Amino acid sequence: MQRPKPACIGTGPFVLLALLSLLASAAGAQNTPQASGNASGPPHAAIYDAQKRPITAGGFVDTGPVVFEDVTQAAGLAGWQHVMGTPQKKYILETDGSGVGLIDYDNDGWLDIYLVNGSTYKALEGQEPAPHSALFHNNHDGTFTDVTARAGVANDRWGFGVAIADYDNDGWPDIFVANFGKNRLYHNNHDGTFTDVAEKAGVTLGNWSDGATWGDYDGDGRLDLFVSGYLHYDVKNQPLAGDGPQDKNSAPRAFCQLRGAPVMCGPRGLPGEPDHLFHNNGDGTFTDVSVKAGVSDPGNYYGFTTVFADVNNDGKVDLLVANDSSPNYLYLNKGDGTFEDQSYVSGFALNKDGREIASMGLAVGDTRNKGFLDLLVTDFSDDYKVLYRNNGDLNFSDVSDQVGIAQIPVPFLGWGAGLVDYDNDGWKDIFMVNGHVYPEVDQHDWGTTYAQRPLLFHSFKGEKFEYVPPVKGSGLAVVTPGRGAAFGDLFNDGKIDVIINPVDGPPVLLRNVSQDKHHWVELRLIGAAKSPRDAVGATVYLNANGMRQREDVLSGGSFISTNDPRAHFGLGDTKDPGTAEIHWPSGLRETVRLPAVDRIFTLTEGKGITGALCGARACALKFVSRRPRPEVPVPTPAP
């Protein structure tokens, strides 16, 4: 089956690379499904540690800085289990795993955890109870309580992505779950419960939805929903690895191999599922405007993680889609309700070798404190993971080699991704969550494993990243078949933690226990009438400690997950929290002088600081009195 053509090639220096990629795809195309998510690079030499363990499950050191601690058991999360199909993973539906969302569903100032679950074939047929997703309430003491049943968010369907935001501007966050089958939209009832309104809202779809993101693309103050499609899949007619004759009632057989060994089939050679953009009508319903807006994915690429984010700093959210084994999408928001496909022209479609990659995770952040959003994309094993540097003017460069992250991750198969400042020095570091899709790799001498450990790289001003070795017994030494991951301050101590949703197993909660004594501030934003209430799409610049940092309020990202919506800034050793410049989605800009470090401030559009948390408690009123400078309207650039 030949690859679909890209939606737009455009003009510029990447046209030649795009054409070469298309020619290579056509030359290598086959009429049978190929192995899932194959790296576009050649097989890499096996790497082992001193104990002869594959580096993906080894390489531990006896001493060194302990950055994360596995607190899953102590936090009360170990009893929940993710389930997706069978352990053998014969079919691609069973392999991709699910996301995780951070949500303060009861507005108590503490992040709760929503873990999406998969399902089983028997559950799909009604022959056994379906595995349930889980909502864990944060008890403010380091523990969490499963409140799924009372909340009504079990999602007894085959779940994949989760995107969290306040879509109806009522001040309470809602949950969208992307499923194989009908999607869910859980509306927050303000009393600890949710109601699934997806049917009424018109966002159920019905085949394989994977990732999702919320964003106000047309500037009407209401959050719209984008959903990526992965495969158009028939569970009763799944391709089976192995060539040869077949019974007419059996699954279709195909020649699917990895390094000569038979493995499950897909996505290459299987039909893709289109993407969908749903416009928020403001009355609880949505209208599918995908084709009109120019983001319908006519090539039916294999969509995974997606994020609305302003990549060209014009005040309008653009749209990014990480596609598996097909070119990535970058859609530029034209400001008239439509987008322009700038995937190839921008440099985001391919890596520096002109190859499409098996993009899974997508992290967005300003790594050099230059005011531009860079993009980190995780990829299959036997290939490097890509950091796309934003040079301005919608020009991205693959700098993975240049910054020092290309070689070490090659044996790892990457999923969740974060650009987060784990040590609060003011520079964003790199965290990658890993795990293979083929259990068969444990049976071969390939230098990789099914369960894998995460990777952490420390930033040196965004110009270089240094690998942080995993200390034995620490969180970085946890070996699990990772998939979805969310990043946020789960303990309100100013440090960014990680919650991982692996495939077929309990979650992993990595608490940040870094010994740094650096200061920090976090900002919870509340929009006014012309902005989304939860300020999704806002950009914050913090001028402090001689730096100008940038944080964006986003819904979606990592691997089909949703991170902490609060803007987090590390301050290093300074005790001066500096000045926050907020670019609200409405177009207004405000400047607020922050009064203290090590606080979680609430900033309301037009009112300045309206609340503050000092760890577990509300701060004294003297910290809740700073008003912003007069609001400055920012004209919207002409489309």
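**Questions on a predicted model**

Biologist: In which loop is P267 found?
Modeller: This is a predicted model, and the location is read from its secondary structure. The strands concerned cover residues 261–262 and 276–280. P267 is found in the loop between β15 and β16.

Biologist: Is the peptide bond from G266 to P267 cis or trans?
Modeller: The torsion to consider is omega, which is near 0° for this bond. The peptide bond from G266 to P267 is therefore described as follows: cis.

Biologist: Which cysteine is joined to C256 by a disulfide, and what is the torsion about the S-S bond?
Modeller: The partner of C256 is C265, with an S to S distance of 1.9 Å. Both cysteines are buried. Their link is right-handed, and the torsion about the S-S bond is 110°.

Biologist: What pattern do the disulfides of the protein chain follow?
Modeller: The count comes to two disulfides. Besides the link of C256 and C265, a disulfide joins C614 to C619, with S to S 1.8 Å. With bonded cysteines counted along the chain, the pattern is 1-2, 3-4.

Biologist: Why is the disulfide of C614 and C619 right-handed, and what is its torsion?
Modeller: C619 has 9% relative accessibility, so it counts as buried. The handedness of the disulfide follows from the torsion about the S-S bond of C614 and C619; the link is right-handed because this torsion is about 125°.

Biologist: Which residue stands opposite C614 in β41?
Modeller: Strand β40 covers residues 608–614, and two bridges join β40 to β41 (residues 617–618) in an antiparallel arrangement. These strands form a hairpin with two residues between them, and G615 in the turn has a positive phi of about 70°. Opposite C614, in β41, stands R617.

Biologist: Which residue takes a positive phi in the hairpin of β39 and β40?
Modeller: Strand β39 (residues 599–604) runs antiparallel to β40, and five bridges join them. One bridge pairs T604 with G608 in β40. Three residues lie between the strands of this hairpin, and a positive phi near 85° is taken by G606.

Biologist: How many of the seven residues of β40 are buried?
Modeller: Strand β40 is largely enclosed by the rest of the structure. The reason is the number of buried residues among its seven, because that number is five.

Biologist: In what order do the four strands of the open sheet stand?
Modeller: The pairing in this sheet is antiparallel. The edges are taken by β1 (68–70) and β30 (484–488), each with a single partner strand, so one side of each is left without a neighbour in the sheet. Neighbouring strands are turned by 20° against each other on average, direction ignored. The order is β1-β32-β31-β30.

Biologist: Which residue is the bridge partner of D70 in β32?
Modeller: Strands β1 and β32 (residues 508–512) run antiparallel, and three bridges join them. In β32, the bridge partner of D70 is L510.

Biologist: Is N492 buried or exposed?
Modeller: N492 is found in the loop between β30 and β31 (497–501), and its phi is near 50°, a positive value in a residue other than glycine. Its relative accessibility is 3%, and the cut-off for burial is under 20%. N492 therefore counts as buried.

Biologist: What is the relative accessibility of N107?
Modeller: N107 is found in the loop between β2 (100–103) and β3 (112–115). Its phi is also positive, near 55°, in a residue other than glycine. N107 counts as partly exposed because its relative accessibility is 31%.

Biologist: How many residues does the largest nonpolar core have?
Modeller: Residues with the most contacts inside this core include F176, W214 and L525. L525 touches, among others, R533, V553, W584 and L603, not counting residues up to four places away in sequence. A second, separate core of 33 residues includes W208 and W415. The number of residues in the largest nonpolar core is 41.

Biologist: What distance separates the C-alpha atoms of P298 and E273?
Modeller: P298 lies in the loop between α6 (290–293) and β18 (302–309). P298 is exposed, with a relative accessible area of 61%. P298 and E273 are 25 residues apart along the chain, and their C-alpha atoms are separated by 9.3 Å.

Biologist: What share of the residues in the protein chain is buried?
Modeller: The secondary structure comes to eight helices and 42 strands. The chain exposes about 22300 Å², of which carbon and sulfur atoms supply 52%. Of its 639 residues, the buried share is 64%.

Key: Residues are numbered from 1 along each chain as its sequence is written. This is a predicted model: local features need pLDDT of at least 70, side-chain atom pairs count only at pLDDT 80 or more; totals for chains, interfaces and linings use all residues. Side-chain values use heavy atoms; hydrogens and water are left out. Two strands pair if DSSP finds at least two bridges between them. Axes are lines fitted to C-alpha atoms, for helices over the stretch in contact, and angles run from 0 to 180 degrees between N-to-C directions. A disulfide is a pair of cysteine sulfur atoms within 2.5 Å. Buried means under 20% relative accessible area, exposed over 50%, partly exposed in between (1.4 Å probe, protein chains only). A nonpolar core is a set of buried Ala, Val, Leu, Ile, Met, Phe, Trp, Tyr and Cys residues joined through side-chain atoms within 4.5 Å. Contact means heavy atoms within 4.5 Å. Accessible areas come from the Shrake-Rupley method with a 1.4 Å probe; for residues, only the protein chains shown count as cover.
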